[in-house]
Each structure stands twice: as C-alpha cells, then as structure tokens.
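Me: I should like to go through the terms applied to a structure and the values behind them. Please set each value against its definition.

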Amino acid sequence: MSFNNEQMSMDFNSKDEKVVVLGMEFKNHDERREYFRNELRKKLSELKKVEGYPIGEDEDVIALSDPPYYTACPNPWIHDFIEEWRNQNKNELYYQREPFAADVSEGKSDRIYNVHSYHTKVPHKAVMRYILHYTEPGDVVLDGFSGTGMTGIATKYSNSKEEIEKLGYYVDESGNVFDEEKKQISKVGERHAVMTDLSPAASLISQSYNNNLDEVEYQRVARSIIGKLKKKTEWMFETVDSFGERVPINYSVWSDVFTCYNCSNEIVFWDISVDEHEKKMRKEMFCPNCNAEVTKKKMTQVFTMEYDTILERPLKVPKQVQVLINYTSGKTRYNKRPEKFDNDLQMKINEYKISGFVPKDLVVQGDETDRLKRNGIEYVHQIYTKRNLVVMSEYYELIKENKFFTELLNVMRSSNSYSTKMVKVNIPRLLDKGGIFSFGFVSGTFYIPSLNGERPMLDAIQSKLKNMVSTIDSLYNSSVISNQSTTDLKNIENESIDYIFVDPPFGANLMYSELNSFSESWMKLFTNNNEEAIMNKYQGKGLLDYQKLMEQCFKELFRVLKSNRWITVEFSNSQASVWNSIREALERAGFVIANVSSLDKKQGSFKALTTTVAVKQDLVISAYKPQKKLRENFVNNRNNNSILMWDFIDQHLANLALPKVNGGEIHFSTERTPRILFDRLIAYFVQNGLSIPLSSAEFQRELSERYQFRDGMFFLEEQAIEFDKKRILAKHFAQLELFVSDENSAIEWIRQQLMKKPKTRQDIHPIFMKEIQHITKYEDLPELDELLAQNFLMYDGRGVVPNQIRTYLTQAYHDLRGLDNGDSILKERAMNRWYVPNPNQQVDLEKIREKNLLREFNRYVEEIDNSKKKLKFFRTEAIRVGFKKAWTDKDYQKIVTIGERLPEKIIQEDDKLLMYFDNAQMRTEM
C-alpha cells in the first residue's frame, strides 16, 4: 500500500452490501452500526451496574463502539451471539482431552504481532496450538483478559489450512490436522471468540485486530487523512541543509540540562556524556567549566518556567535543548547541530495555539506515574513534544467523525510509544548507522531518559496505517469484544463456553491502568481500576487483595465453562508467592491443575531481563473443570469420603497426559506420581471443606491396588496399555530439571537420580551437596543419610537382588547379562546401592516417615506454646504433615496459630501451607 498526497474525499457512501447480524438484515454496515448504537444507548444505564464499566461519558462510549461486535463497555449481545453459535453447532460430541503438555516456543517477529504495541502479548500462533488441541470447529473460546485480542486472531486462523501449516502441522484434504508424530490432533474450522478486558485501550486494540475491514475503503480513507495531515503539519518537521534549502527532518535528539555540584554552572548532558568522535557514551564525565568529575547523582536537574498554551498558564518543566537533527538531502542522511533556523522554528512551534482536541487530564496517581512526576510531567500532554502534540490533535480532528474512527484512533495510540519523551537513544548506533532503529522505548514502565529521541509523529502514523493494512485478509473473524471486568461476567450464561485461554495480570509486574492512561486520555474513557487484579501500593492492593480478585475472576470463568472442559492460564512471574496466589485462586474456584509447561515468547521485556521478579520463559497452567456428576457427588455425598476420593482420582488420571517419548527418551510425568496425586486430592478435598480419610501411606497402598503402576507412575488400565507400547521405544528417562529448595524437592531430586541409576551413598553425596546450596534459610534439611533411610531402600546383600537394581546392572554391564537375581557376582555388584522402592515397600517407609514428621511437628507446637517468637528453623515437610493432621481433626485453630508463627514468606511461597492456612482462617472466622 502506498500513501501519497492524494486528495480524496472521505465523504463517500458504503457499498450496498446486505449485512445480517443476529438474525437482523441491514442494507450495509453503516445502517447496522447506527441501529445497534441506538440500542446500546438505551442499555447503558443497566450496563453501568456491571463491574468494570469504564470511566467516561455515555457519548464517548457510543462513539468508540462498533456494536454488536465491539462495545467500549460491557457487551449486552454476548449471550445472543453464543446462542446463535450454539444453534449452528448442535452436534454435542463426546469430549475428552488430556492437557496440552508440550512446551511451546513462538517468536514475536510476526507481521500481526508487531502492528499494535502493548505491554504484554502472547503470539497468536502460540494460542492457536492450544485452541486446536482443546476445541472443535464451532466451539466458543473465552479470553477474560484479552489484551490485544490475539485469541480472536487465533480462532480466526484455526479456519485456515495455510496458517495451521505454518505451525508445522500437516492438514489433509478433509481438513484433519496432524502433528509432527502424524497423530490427528484437530480439524480445520471456524471457532468463535468472546474477549473481555478491563481496559478501554486494550479493548480498542482487540477491536482493531479482530474486525472485518473493507481494505479498499480503508485505504482511501487513510490516503486522504495522510494528505490532509501533511499539509497541516509537515512545516514543523523541517530544517535547512548546508545549501540553505529546506529539507525534512528524520528525527531529533533532546538533552536534559543539569547544574554542576561544584561550580553551579549549567551543563548540557549530551555535551559531557557523548563522545561523538568515538561514537559512544563516556564512562567518566567532567564539567566543561570547572573540570570537576560529575555524575547524574551528583548534579541537579534544571527546571524552568514555560508558558503552556494548552492550559494557558506557566508550568515548571525540565529544561531541555535540541542537540542533534538528522535530515535527508538528496538521497543522503546527515546529522547537524541546531542552527538559527531550527531555534526560530522551535520558538514558533512553542507559541503555536492548538485549536483541536488535546487531553488536559492530570497524570493519574499511581506507583508508575510517580516516576513521571519526579521528571516534571504533571499533565498527559506534557509527555509529548509540542510539534508531535500538534500532529496528534490535527489527526484526531480529521478522524473523529469518520466511520473508521476506532481503527484510526488505535493507529495513533500505537504510534505513541515511538513519539513521546520516553523514547531512548542508542548512541553508538545513532552516531554510526543512524536511522529509526537507533530509538526505542522501555516497555512496561514509565521512564524518561536524559537523552530522548523525537521521531515525527506524522511518520509514525503513516507507518502504522500501512502496517495495519497488512493485517487485513479475506478470512472472516467471528469475535465479540467487551470492555468489562472478569470479576463480573453476568452477560455470559452458565456452562456456555467450550474453552478458556487467559493471560492475566501477575502481581506487581505491570501497572496496566497507569500504563494505559495516556492512550485512554485520547479515547476519553479510562479503566475502572476498582477490580483491577494487580498489586499496587497506591491502590492499596497487596498480595491478599490480588489473590481475592483473581479468585473472583476464576470463579466466574469456572461458572461459564462447560463441565470437563479446560482453562489455560499463562503465568509470567517468578515470585513463588504470586505463583501460589494464582494456584490457590484457581483451586478455590473449583479448577483442578493437571499440568504446568513453558511458553517461550523469545523476547524479554525490560523487567523480564533486568529484575528477579520476572522470568524469560512464561509458565502455562492447564486445569480442568471436573465433571458435573463428580461436583454433585461432593455436594450430595459429603459423608462418603472414600467413594469421593477414588471418583476424583479416576477422573484426574483420565485427564492427565501420557508421558511423551521423543528421541528414545521418555519424559517422566510427575503429575502421575503418588505424592503429586495425593497433593491434588488433598487440594480438591480441602477446597471443598472435606478431610482425606486416609494417610499418605494408606492412600499409596490402595492406589497400587486400584491402578496400574509403571516406572514410578500410576495409570488407568487403558492408559497403561498405551504407555507400554510407547515404553518399548524408550531407552531411558529424560532428565528432569529440579531446583532443590526444601526437603520435598530434595527427595524428588534423589528419586530422579535413583530412577536413572541405583547408586551408593558415596555416589550420591558429592552431587547432592552441590544441589542443596540454595536451600531456603528457614529449612531444617535432614542429612542425606536420613533422607535416604526414610524414603528409599538399600540392598545389603541379603536375599535376591531387587529387580530395579538388576535391570540397571544387566543393561549397563555386558558381563552381568543373563545372571539371575540370586547370582553371587550380581549380588556383589549390587551391594550398598540405594533404589526406589515399589509401591508396597513405599507404604511401609511412608508410615515411619509420617510418624517421625508428626513427632517433629508436635515439638514445634510445644515450642510455640512456651514462646512468643516465630519459628526460625524447621522442617517444612513436618509442618505440612502436621497441618494435614490438624485439618483431618478439624483443629483449624492449630493451623492458624502455627501459621502465624511461621515467617510470612514461607506461608506465601509454599502452596500446601498456604492452602491449609487460608482455608483454616476462613473456618475460624465463620
């Protein structure tokens, strides 16, 4: 697409194409839009009762909305769309899925991904993999934290053979989709997306990505706008070349001004920090007046009083000077220092009175915006240079009455990130090759650099308009977008959604409402952050508040999801406390976690790369809503815990993925181990207010009697048959990555070592000592000998060699092959090796271990009774076992009392302790 200075009228008529929406027929989209806007206007008073209704005027809500597909408020037509889709898809087939357990890696270098910027975004190709796995054509997918609307793109492209094959899948002539192992995983076909988000800015982006634009019409409008905008504003982005001819500016660089701590003279930061000859930033800086060595911390930033033409009064602002201008003369780019022409032009721009709309809002109060205020930014318009502000105002006036208003407004929103005072400069690249790639911005935070780059907003808008056209295709997008909180989804019926994919806020990672406030000022609608699920000091929201809000969200998602269907939660915060809040909120809502995998988006944001509270690889939680019959049994048969227990395990095992076999390696499934199965069972029972009728040892004994045991994992009978077929192809187990931080993870690490190779204590000890360097400071970790004795068995030469040891020895050593278990040579080589016991042997060990741990727990109880101090050193496993016993005995006060005497961090970061503590607190307060 080419945007030339073509003067074309925007007052043209739409094509006379009939439009059918929700059973109603219209002459064209203009008529459809007008009808539904009038209907929306009638419904606003009722919609304002829905949580998350944005802050703003009614007419601004109407102006932004493109109903019934997109409303800048809670969408009242979601139910109607779902009902229509349900009628089109009447075949309710048998549904059974295992969790999508593969790790996903998708980059961000996609044309669609890069068109509209946002703080976080999951590539649509990654979401497609989940949608293809969990859904069938015609299914309805919900994204309750939809952000930029990538889920809508993913549902649309699930109806494209070409797009699916880009994922590495094979699609046959009948539309069946096969993975790399030639296993059928899905079918090509249209899915429908329902997307909700609390932010008007995010919903606007989602609408731009997921509407069905007429490309020809849109291009005509875009060309006309660019032509008119250039006429009005390009005079501000000019300089003179060495011949005195006027030429366009490509970009400028502005510098802060400081005063020297020694002589109090003003210093232009560029002059002391940039070595133009060497094309790099200086490591040492000196005052040009007194030669004192200076740093930014030692100097004081200079502020000055300037008349603000927007507010029509003086404001105290940081002093900045233009230090570099890049322009094009002929076909060559040049750098220059500002001259008289440039200074006169800047004075003229500063005095220019803007007649169109400009937000006059104060910068919102918040954790992130406090940083701006320290830099002298008090009002929204101050984040832009004056000439870019003029461009934005003129652009707004050109688009405000246009039929493509929402799409065109989003183009300006998306251009902001490259045209504010937050644009930083890569000095070596700037002075070497130059170009727009010398500039960037720090995503996910508000940061004003002392050297900031100014790109003409006109160029940014023109570029974004072109890029947006590149996303238009002929595929129909069946999406509905709503601006509301996921804590209140009353416009969605119970059990009407087939699959949920969400990428929710995670703790204090990103302050979405603050970060979006500048864009939302231009939209005249602001996020209603009462129910914003974040941790924020200014909003007075801590970890507990965050967890409660996420629990409300997950309860609503649980309500609208069909039984035995799945939710995928992307998680991008490495803080254990936040992870546990999400897990606790999910389980309290009623979901059961079945798998955790990774999603590598191949690019880190600022915080992901430089702080300890964020991770480069996101985690993906797969959880399901239990079958209706099971949930009803937990309500109606609460006194028959034993039946409930095995009903739960039946369903849970059915919903667990079979271990994968790749390249001759079998990937061990920790979810199928007795310990994790017991943990999942306890979690579900505790969240339902019930106690487990069996001890860990008794559970493991019955587990081994009821289910098939293979390689440390349990299976349903039909699953075991499938696993046995796979097992033949595997030579050994793939090594699991474990981070040893406490007793439980230490035991699992030892188990993994011994599953691979039965070892002597001397073999294990040196590598064990390396692994336990990061043990939590509160953890009273037993010695290796005690861990071995309580959890594993050692062959001492008596009796025949255990099968686990014999299998390893005969595979590893040629001279031992063919020897039976009682052979003296084999027995000698097996002597003193530790190995993983079979289930029946494990039961006896577990009984002894639980007694020892309970004895330890009771010692802690006595210690607390005799002291007011917190416990400083303890075995976390003993606390877990003690809490379980107290829960079974309904001694909730004991759990609360002990929990309050543990370090708060321990409770927050341990999923099992947090589960018992939170639920016990609820019951003691009732």
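The exchange below takes up burial, helix 1, backbone angles and a cavity in turn.

Me: What should be known about the model before the terms are discussed?

Reply: This is a predicted model, in which local features need pLDDT of at least 70, side-chain atom pairs count only at pLDDT 80 or more, and totals for chains, interfaces and linings use all residues. Residues are numbered from 1 along each chain as its sequence is written, and side-chain values use heavy atoms, with hydrogens and water left out.

Me: Why is Leu 372 called buried or exposed, as the case may be?

Reply: Buried means under 20% relative accessible area, exposed over 50%, and partly exposed in between, with a 1.4 Å probe and protein chains only. Leu 372 has 0% relative accessibility and therefore counts as buried. Its place is in helix 11 (residues 369-374), where helices (H or I, at least four residues) and strands (E, at least two) are DSSP runs numbered from the N terminus.

Me: Which residues is Leu 372 in contact with, leaving aside its neighbours within four places in sequence?

Reply: Contact means heavy atoms within 4.5 Å. With those neighbours left aside, Leu 372 is in contact with Val 363, Ile 377, Ile 383, Phe 446, Ile 448 and Phe 518. The C-alpha atoms of Leu 372 and Ala 193, by comparison, are separated by 37 Å, with their positions 179 residues apart along the chain.

Me: What makes Asn 375 buried or exposed?

Reply: The relative accessible area of Asn 375 is 16%, so this residue is buried. Asn 375 lies in the loop between helix 11 and helix 12 (386-399). Beyond its neighbours within four places in sequence, Asn 375 is in contact with Gln 301, Phe 303, Pro 318 and Ile 448.

Me: Why is Phe 303 placed in its accessibility class?

Reply: Phe 303 stands at 29% relative accessibility and so counts as partly exposed. Phe 303 belongs to strand 19. Not counting residues up to four places away in sequence, Phe 303 touches Lys 316, Val 317, Pro 318, Lys 319, Arg 374, Asn 375 and Gly 376.

Me: How do you know the class of Arg 429?

Reply: Because its relative accessible area is 41%, Arg 429 is partly exposed. Arg 429 is found in helix 14 (residues 427-432). Apart from neighbours within four places in sequence, Arg 429 is in contact with Gly 434, Phe 437 and Ser 438.

Me: What is the kink in helix 1, and where is it centred?

Reply: The bend at a residue is the angle between axes fitted to the seven residues ending there and the seven starting there. In helix 1 (residues 29-47) the kink is about 35° and is centred on Arg 41.

Me: Which residues of helix 1 are buried, and what do they pack against?

Reply: The buried residues in helix 1 are Arg 32, Arg 33, Phe 36, Arg 37, Leu 40, Leu 44 and Leu 47. They pack against strand 1 (19-21), strand 2 (24-26), helix 2 (58-64) and strand 4 (70-71). At the start of helix 1, a side-chain oxygen of Asn 28 comes to within 3.1 Å of the backbone nitrogen of Asp 30.

Me: What is notable about phi in Leu 22, and why is its accessibility class what it is?

Reply: Leu 22 has phi near 50°, a positive value in a residue other than glycine. At 18% relative accessibility, Leu 22 counts as buried. Its place is in the loop between strand 1 and strand 2.

Me: Where does Glu 312 lie, and what is its phi?

Reply: Glu 312 lies in the loop between strand 19 (303-308) and strand 20 (313-318). Its phi is positive, about 60°, although Glu 312 is not a glycine.

Me: What is the peptide bond from Pro 67 to Pro 68?

Reply: That bond is cis, with omega near 5°. Pro 68 is found in the loop between helix 2 and strand 4.

Me: How many cavities of 30 Å³ or more are there, and what lines the second largest cavity?

Reply: On a 1 Å grid over the protein atoms alone, a cavity is a set of points where a 1.4 Å probe fits but cannot get out, and lining residues have an atom within 4 Å of a point. The count comes to four cavities of 30 Å³ or more. The second largest cavity is lined by Glu 587, Phe 591, Val 592, Ile 593, Arg 680, Ala 683, Tyr 684 and Gln 687. Helix 23 gives the largest share of this lining, four residues.

Terms used
A polar contact is a pair of N or O atoms within 3.5 Å; within protein, one must be able to donate a hydrogen and the other to accept it, and residues adjacent in sequence count only if both atoms are side-chain atoms. On a 1 Å grid over the protein atoms alone, a cavity is a set of points where a 1.4 Å probe fits but cannot get out, and a pocket is an open set with protein on both sides within 12 Å along at least five of seven lines; lining residues have an atom within 4 Å of a point. Grid points are joined across faces, edges and corners, and a volume is the space filled by probe spheres set on the points.
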